Each structure stands twice: as structure tokens, then as C-alpha cells.
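Welcome! Please take a look at the sequence and the model below, and then work through the exercises at your own pace.

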Amino acid sequence: MEFVMCAVIGFLFFAAVYLMLSRNVLRIILGTAILSHGAHLLILTMGGLGGEKPPVLQDGVKNAMMADPLPQALILTAIVISFGVTALLLVIGYRTYQTAKTDKIDDLKEDEFHE
Amino acid sequence: MNSAVFPIIVPLFFAILLMFAPTQRVYQKIVATIGILSTLSMSVFVLQKVHTDGAQVVTFGSWQAPFGITMVADSISTLFVTAASLVTLFIIWYSFTAIDREREGNYYYAVVLLMLVGVNGAFTTGDLFNLFVFFEVFLMASYLLSVLGGTKQQLKESLKYMFINVFASALFVIGVAMLYAVVGTLNMADISVRVTQLEQPAIVTAISVVLFIVFAFKAALFPFFFWLPSAYSAPPIPIMALFGALLTKVGVYSILRTYTLLFPLDTTFTHTLLMILGIATMVVGCIGALASWNVVKIIIYNIFIAVGLLIYSISLFNEESFAGMLYYTVHDMLIKAALFLLVGLLVYVTGTQQLRQMGGILTRYPTFAWTFFIAILCIAGIPPFSGFIGKMLIVKGGFASGHIAGSIWVLFSSLIVLWSMIRIFIYAFWSKEGRFETVPKPTYVKMLVPTVTLVALCVAYGIFSSVVWPYVQDGAKLLMDPTLYSQFVLKGVK
Amino acid sequence: MNQNNVILNTLTYVVFFMIFLFSIHIFLAGHFAPGGGFVGGLLMASGLLLLYVTFDLETVRKMLPINYSILVAIGLLFALGTASIGLVAGDAFFTHYFNHFQLPLLGDSELHTAMLFDTGVYLVVVGVTMMIIESIGGDQ
């Protein structure tokens, strides 16, 4: 199972890097979103995949039989943060497109250079 | 017990209050002032408490130390928290006149306080993942601040700034995940105990480099500095001052914490890396500061020189250099904010950022000119002023651990700082009459008063350095002995 | 309001309330079962988004005159206030309290201060999502 997860994470990173290296602002934003998904899956895998252990304590389940809750808490936090950042990126990307009339990252270079 | 969290929740509370009536300008100013003043008094209170009673540790939700999220106010973090709150106080005061009405009506003060929440939280936290969360809090606030107003320049720059930081944050999560897999905990004190018991220290060194890249992005260290000059020069001056004074220092603080506490294993490799990159950052800053004719850019490149110096002093790893580093960080927060405010005034009275178009300010605005001159002496480290003591300690520490060439380069770089700043003084203040805007006198005075006060504070920080010295010494002792930190955090835990 | 899209219009009248109730259900289920303030808030926001898709911005603003930034502020106040109960009670920051209560109609129920915190999360998520949607969708 860990091996499959590693392959999935690797593929997500590959897709994210590919998207982030393109010139289109929207693709870069999607790339960062996919990169953070890969990172979240990495936390899940690195925390140890629980198998069939129950995720939350229930009656009749001993502490030692429970899955490690910390990676879940970390992922939830990280997902919320990446949700917020991606939404803000989309807003700013859209506003930039409106103001600068371009969605090519090459055209967003700094205007004035030093003399 | 709970005093460690006060400098974080007080600004948060006032930021929430500010969100209720964004367009009431008087309400905004009054609440922002009360908020920042109470934050500052809280942090001074915690600083005093830490000095008398020892470090304040609180673990959220009454969980035991390695399981819950720990907040640790020790002498290093409270010193930085106090300096950050102090700098924010002056920037808010300056913003009353320098920020336009449109930005004021769009949650400007609320976002500034939220950024302080993130910065203070990042200084105080004792948990690696929580550090990531507070990084995101102040980054989110900094995205909003850099885009506030929505000019074309700002939108372009903040988009790129966000891309860089989102990428760095993803790396942070990856580093944290790998560290969790290796040591099985994220509490910094617990990690510092467990890494020493590992059988394979090499993997921790590899992870330390991943985390180092993240912090180097934030601190704008040598190979990762490219985003900073353009990103920082887009927003208006008070926001620039806030970024320049605080954000890079959070990166430096994180490197300081992680490299003294979490990764002290393979110091010959990691600290050589820190030293080389620190010196390279100083070189970049010197070249940029001398090559630029834009006054704002000159100050921005001076940030690099300070960051490089601080990283160099971390790499020396002895008590003297750590004391110098702590002292110099606080000095640098104050003086960088003061310089940005001064440059803001300079741009305001001349209406241009180009040094070649300025001139003759000394005759028209003598008070401003001499304040600027004193600030130059402060940042260059001329003896009675505050930069001197920090640099002297760092250089002494460098000589003590046998890094002669690096320490001589530090001395040489302060000459270049002096040169780059004196260049502004000669061209803008001395030479024949250049461009001037017609400036209403009351506005000029309102912007001058906070600036002069901040410069006076910098001077006082140098002259009365014996007041802060005990706190700095406590901090340096703590950095030299990481077991102290884990002792007071994990108190009562086997 | 888009008169031509009869199916969407008719469905929205029904589906919106279903989404709304389901989001409340998910929110309340959160303590012992999967769910919680974040998911519930996102569901609620998607329900509101459905209204925006069906009717135009002006109509929805007339129907629900909510200032979303104030909603965010109230949510944050809830969250901060819940976390600060520990400060007043002399425990560590963020300490939560719970107990069983005999409530009329509901019988024996467990009440937890984490619920108040989640209420804050719910409001913040709805508010932030709607603020973002309004700031993009406000054009044209």
C-alpha cells in the first residue's frame, strides 16, 4: 500500500511541476494546488497507513488499536490552509488578468528596471 | 501559565473588532491604537515575567507537553515578540497619515494586526507544524497587504510573491511530514531529545536541508532571494516597512531555532552551509545596494546584508556570536523600519524614487536631514549607536572560532552599508536643488514625528544597551544549551 | 433571474433547502462522527452558490442581506471566545469542557464547548467563501 501511495504522490508532484513550469497563470495556480495535494498525501503516508484500525476512539477499542490521529489533524489543517490560499490566488490571478490584460507569466515582469 | 499566548490573542481580538466597521475611520484608528498599545504592554509584561520567573510554557487544551500544541515564551522569543510589536506600533502611527483613505477603508489596520498575530505566533510556538500554521497566517496577511489597493504593479508582484510562498509552504509540509516519519513527534523539545537517540542521523540532516530551503525562501537567503526586491517595492511604504522589518526576521528566527534545537547533529556540514550562504547573501546585498539608483531599492538591498550577517552569526555557534545575533536582530528590526519610514518621507517630499532627481533637501528640511544622518550612523554601526554592539560581538565571536576572513568581510560589508547610505545623503540632501513636491506642512510634521521617535529609540537602544543586555544574555545561554529548552518544556514528563 | 432555465429554477427552490439542512446535519454530527464546521460551512456555501447561479447577484443580495465580512468577524469572535474560556477558568488556553445534560425533548445529551468553536469555524468558512465568490462574481 505504501508503494502505491508513493507512486501516486510522485505522479502528483510530477504533474504539479509540469503545470508550474508553464507560462499560463491559471495552470500555475492549478499546479500549486496539486502540489499541496501531493504534500497532504505525503503526510498521510508518512504517518503510517492505519489499515483497518478505527480512526476515532469508540467503545471497546483500546488506545493502542486506534489509528494515529495526528496525521489526520495535520492534513485537515493543511487542506484548509491550501483551500484558502488557492482561493485567494484565483481571485488575485483573475484581478491581474483583468488589470494587466494578460495571463502569461512572462508578461508580468517588473516594469521599471534600475537605470 | 497562559501569559505566553497574550501577545498573540490580544492583536487577534482587536483585529476582529476592527472588522466590524471597516469604513469608520476614527473608530479604526482608535481601536488600532488601543490594540497595538495593549499588545506591546502585554509583550513587555511577558518579557519581564520570563526574565524573573523563567520561561512560560502553555500547552493548548491542557494536554501534556509532547501531545498538545505547545507555546513557549522563552527569553529569545519574547525579545523578538516585543521588538515586533514595537515596530508595528510605529508603523501604525505612521500609517495614520501615510496610508490613503481607500486602503484604510479596506481592513488595512485589521490585516496589519493579523500579520502581527502570525509573526508573534511564529516566534512563540514550540511545535513545528504550528510554526507552519503561523507562517501561513502572516503570509496570508502579507498577501492581502501587498495586494491592497489593487494597482497593476501590486497585482503583478503579489501574484509572483504568492507563487513563491505557496511553493515554499508545500515544501514546509513535505519537510514536516518526513520529519514526523523519522522521529514520530512534532513538538520541538521532543524532537530535540529524540534526534540525539536516532541511529541514522544522516536522514535528519537531509530533512534539515529541506526545511532550511523553506526558511531561506522566507529570509531571502542567497540562492532564494530573487523574489524579494520586486515584491517588496510594489506596496506603499508603511507596508514595505512592515515586511522589511518583520518578515525576513521570522525566517532568520526559524533557522536559528531549528539549527540550534532540532538539527545539531552534523554541524560541520550544516553550519558550513549556513556560513557560505550567509556570506553570499551579504555579497548580493552589497552589489545591489551600490548598483541601484532607486532609494527604495537601496534600503531593500540593505535587508540582504543584515540577513546575511545574522545567518553568518548563527553559523559561528558560540555564545558571543549568539548574543550579538539576538542584539543585532532587534536593532535591525527597529532601524530597518526607521529607514523605510525615512525613505517614505523622502519620496513624499520629492515625489520621486530616483536618487538622481533629488537634491538640496538639507536646506529645506533640516530636521529630516539630520534624522536621516543619525539613522545612517546607526545602521552602519558607528560606535555609540546600536549597530556597533551587535556587530562587535559577532565579529569577536568570529575571531574566537577562527573564522578570520568571514569576520573581516563583515567589517568590510558595514563599510559598504555606510557607503550606500551616505550616497543617498550626498545626492538627495547635499547636492544642488532637485525635484520637490509642494507638501502641506502639517502632513509632513505628522509623518516626521513617528519617524524621529523611532530613530531616537534606535539611538537609545544603543546607548542604554545595558537595559536589554540581561535578556540577550539569557537568550544566548539558552541557544548554547538546547537541553535547557527541552527540560522546561517537557517538565514532568518522563 | 434566468427565465429560460425552468428546470434549474424549480430544482433550486427544493434543493437549496435540502443542502441547507444537510449542512446543519453534517455540522451537528461533527463531534462523534465524520463532519464538522468546515465541511458544513463549505456545503452551506455551495448551497448559496447555487442561488447565485440560478438568480443574479442583486436578487440574492435582496433575499439574504448578509454582510459576509461581519459574518467572518462574528465567527472569529466565537472561536477566540471559546478558546479563551480556559483563560477565565484558570486552565490552559483552548481547554474544552463538556458534560451530560437532561434537555427537554432531546433527553440525555452531551454538550461540549468544542461545538461553539465549530460554530465559529462554520461562520468563518461560509463568510470567507462567499466573500471570495462575490469578489469574483461581482463583475460583468
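## Exercise 1: A salt bridge in chain C

Arg61(C) is partly exposed, with a relative accessible area of 37%. (Buried means under 20% relative accessible area, exposed over 50%, and partly exposed in between, with a 1.4 Å probe and protein chains only.) Before going on, note that this is a predicted model, where local features need pLDDT of at least 70, side-chain atom pairs count only at pLDDT 80 or more, and totals for chains, interfaces and linings use all residues. Residues are numbered from 1 along each chain as its sequence is written, chains are lettered from A and ligands numbered from 1 in the order in which they are written, and side-chain values use heavy atoms, leaving out hydrogens and water.

Task: find the salt bridge of Arg61(C) and place both of its ends.

Solution.
- Step 1: The partner is Glu134(C), at 3.4 Å from N to O. A salt bridge is a side-chain nitrogen of Lys or Arg within 4 Å of a carboxyl oxygen of Asp or Glu.
- Step 2: Arg61(C) belongs to helix 3 (residues 57–63) of chain C and Glu134(C) to helix 5 (residues 114–137), so distant parts of the chain are linked, 73 residues apart. Helices (H or I, at least four residues) and strands (E, at least two) are DSSP runs, numbered from the N terminus.
- Step 3: Glu134(C) counts as buried, at 18% relative accessibility.

## Exercise 2: Two salt bridges in chain B

Task: set the pair Arg257(B) and Asp74(B) beside the pair Lys160(B) and Glu157(B).

Solution.
- Step 1: Arg257(B) and Asp74(B) meet at 2.6 Å, N to O. Arg257(B) lies in helix 11 (residues 237–262) of chain B and Asp74(B) in the loop between strand 2 (70–73) and helix 3 (75–98), 183 residues apart.
- Step 2: Arg257(B) is buried, with a relative accessible area of 6%, and Asp74(B) is buried at 1%.
- Step 3: Lys160(B) and Glu157(B) meet at 3.6 Å, N to O. Both lie in helix 7 (residues 152–183) of chain B, three residues apart, about one turn of the helix.
- Step 4: Lys160(B) is partly exposed at 23%, while Glu157(B) is buried at 2%.

## Exercise 3: Aromatic rings

Task: work out how the rings of Phe83(A) and Phe38(C) are arranged.

Solution.
- Step 1: Over all chains, the structure holds 51 aromatic pairs. Rings of Phe, Tyr and Trp (its six-membered ring) pair if their centres lie within 6.5 Å; planes under 30 degrees apart count as stacked, over 60 as edge-to-face and the rest as tilted.
- Step 2: Phe83(A) and Phe38(C) are edge-to-face, at 5.9 Å centre to centre and 80° between the planes.
- Step 3: Phe83(A) lies in helix 3 (residues 69–100) of chain A and Phe38(C) in helix 2 (residues 37–54) of chain C, so the pair joins two chains.
- Step 4: Phe83(A) is partly exposed at 30%, whereas Phe38(C) is buried at 13%.

## Exercise 4: Where chains A and B meet

Task: describe the contact between chain A and chain B.

Solution.
- Step 1: Chain A and chain B bury about 3,400 Å² between them, 76% of it on carbon and sulfur atoms. Buried area is the accessible area (1.4 Å probe) that two parts lose on being put together, summed over both.
- Step 2: Zero salt bridges are found across this interface.
- Step 3: Helix 1 (2–20), helix 2 (25–46) and helix 3 of chain A each give two or more residues to the side that touches chain B. Helix 3 gives the most, with 16 residues.
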